[in-house]
Amino acid sequence: MDIANKTLDDVQYLAVGHLSKDVSSSGHVAGGAVYYGAVTAGRLGIKPGILTSCAPDFNFPREIRNWPIRYAESRTTTTFENIYGCTNDRTDRRQYVHDVADPISLDILPESWRQASILHLAPLLDEIPLQIIDLFPESLIVASIQGWTRRIGINGRVYASSWEGLGVLPRIDVAICSRQDAYSEDDIVHWSNLARVLIVTNGSHGVTVYSGESVFELESLNVTEIDPTGAGDVFSAAFAVRFFETGNLLESSDFASVVAGLSVRSQGVSAIPYKEEVELFRQKHL
């Protein structure tokens, strides 16, 4: 499989986590937070790379086929199925996992990639060794924490479980999750006390940002959702890119809300916008 396991020196945004196969009505389609995140970063003008684990027969989608990907060969590829309620809202979802890939090995991490400007930790099911945090002392580290809060129940049903977060939250710059990733409101309070910045997305109900003593709310973009899968991952990557560029928490959160909102207008990654489209939209509507 010569399209993957490439090593290039100029990765600016490194996404770490499982690529996945998502069950759809037309068969399997590519998924995973690193997939949605890498496509988002690329369309916003930042050179992405992916560190992952998957089976040798994984069909790398064309959107990431020419980008640097390092993967550890696994017996299986993580496979999810997302079932939405009649409203198709991101907050009304049942999720199942049918296969889980092997954990990611840091042995395949190229030395040059440790210079990436942005490290996006995006686990699906606790597959990332936490030692990776220490290997990126100069990088902006953003973590989508849902992969540490998920547990697998009967028939593969995924549910949220309480998570202490002590090995992650105090050691990174920004933590991002959806409200559905939290077992209880107490979890969110606990995480906000541990993290430098915690951002909680809640589908069409907006975004809450916790930073020290400050808490502020942002509205979501008012659009018709066609496919909400991956919207939180798009938000995380867009936030990371904009926060690296500006250092402004409010601006980056607002920017990411627009990118995520625009991304749900059609299936898969097809509606994830390019930077020029985002800037034009904000000029016209905000």
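## Helix H4

Let's start with a quick ruler check on helix H4: at 1.5 Å a residue, its 16 residues should span 22 Å, and the C-alpha atoms at its two ends do sit 22 Å apart, so expectation and model agree. Keep in mind that this is a predicted model. H4 covers residues 231-246, and 12 of its 16 residues are buried, so the helix is largely enclosed by the rest of the structure. The buried set is Ala231, Asp233, Val234, Phe235, Ser236, Ala237, Ala238, Phe239, Ala240, Val241, Arg242 and Phe243. Right after the helix comes Gly247, with a positive phi near 70°.

Arg242 deserves its own look. This arginine belongs to H4, and its relative accessibility is 15%, so it counts as buried, the cut-off being under 20%. What does Arg242 contact once neighbours within four places in sequence are left aside? The partners are Gly247, Glu251, Ser252, Phe255, Lys275 and Arg282.

## The nonpolar cores

The largest nonpolar core has 51 residues, and the two members that touch the most others are Ile199 and Phe239. H4 is the top contributor here, giving 8 residues. Beyond its neighbours within four places in sequence, Ile199 is in contact with Val174, Ala175, Ile176, Cys177, Val207, Thr208, Val209, Phe235, Phe239 and Ser253. Two names on that contact list, Phe235 and Phe239, are also among the buried residues of H4.

There's a second core too, separate from that one. It has 33 residues, including Ile141, Ile145, Trp191 and Tyr210.

## The second largest pocket and helix H1

The second largest pocket holds about 430 Å³ of space. Which of its 23 lining residues lie nearest the centre? Those are Ser24, Val29, Asp227, Gln267 and Gly268. Strand E2 (20-24), strand E3 (27-31), helix H1 (33-43) and strand E6 (78-84) are the elements that each give two or more residues to the lining. By type, the lining splits into 9 nonpolar, 9 polar and 5 charged residues.

H1, one of those lining elements, is mostly covered, with 10 of its 11 residues buried. They are Ala33, Val34, Tyr35, Tyr36, Gly37, Ala38, Val39, Thr40, Ala41 and Arg43. Just past the end of H1, Gly45 has a positive phi of about 95°.

## Loops to look at

Two residues that aren't glycines carry a positive phi. Asp126 has a phi of about 60° and is found in the loop between strand E8 (118-121) and strand E9 (140-144). Asn155 also has a positive phi of about 60°, and its loop runs between strand E10 (150-152) and strand E11 (158-160). Is Asn155 buried or exposed? With a relative accessibility of 68%, Asn155 counts as exposed, because the cut-off is over 50%.

Ser266 is in the loop between helix H5 (249-263) and helix H6 (275-285). Its relative accessible area is 23%, so Ser266 is partly exposed. Not counting residues up to four places away in sequence, Ser266 touches Ile226, Asp227 and Ala271. One of these, Asp227, is also listed with the residues nearest the centre of the second largest pocket. Ser266 and Ala55 are 211 residues apart along the chain, and their C-alpha atoms are separated by 28 Å.

Methods. Residues numbered from 1 in each chain as written. Predicted model: local features only at pLDDT ≥ 70, side-chain atom pairs only at ≥ 80, totals over all residues. Heavy atoms only, no water. Core = buried A, V, L, I, M, F, W, Y, C linked by side-chain atoms within 4.5 Å. Buried < 20%, exposed > 50% of the residue type's maximum accessible area, 1.4 Å probe, protein only. Helix = DSSP H or I, 4+ residues; strand = E, 2+ residues; numbered from the N terminus. Contact = heavy atoms within 4.5 Å. 1 Å grid on protein atoms, 1.4 Å probe; cavity = no way out; pocket = protein on both sides within 12 Å on 5 of 7 lines; lining within 4 Å. Points joined across faces, edges and corners; volume = space filled by probe spheres on them. Nonpolar A, V, L, I, M, F, W, Y, C, P; charged D, E, K, R; others polar. Expected span 1.5 Å × (residues − 1).
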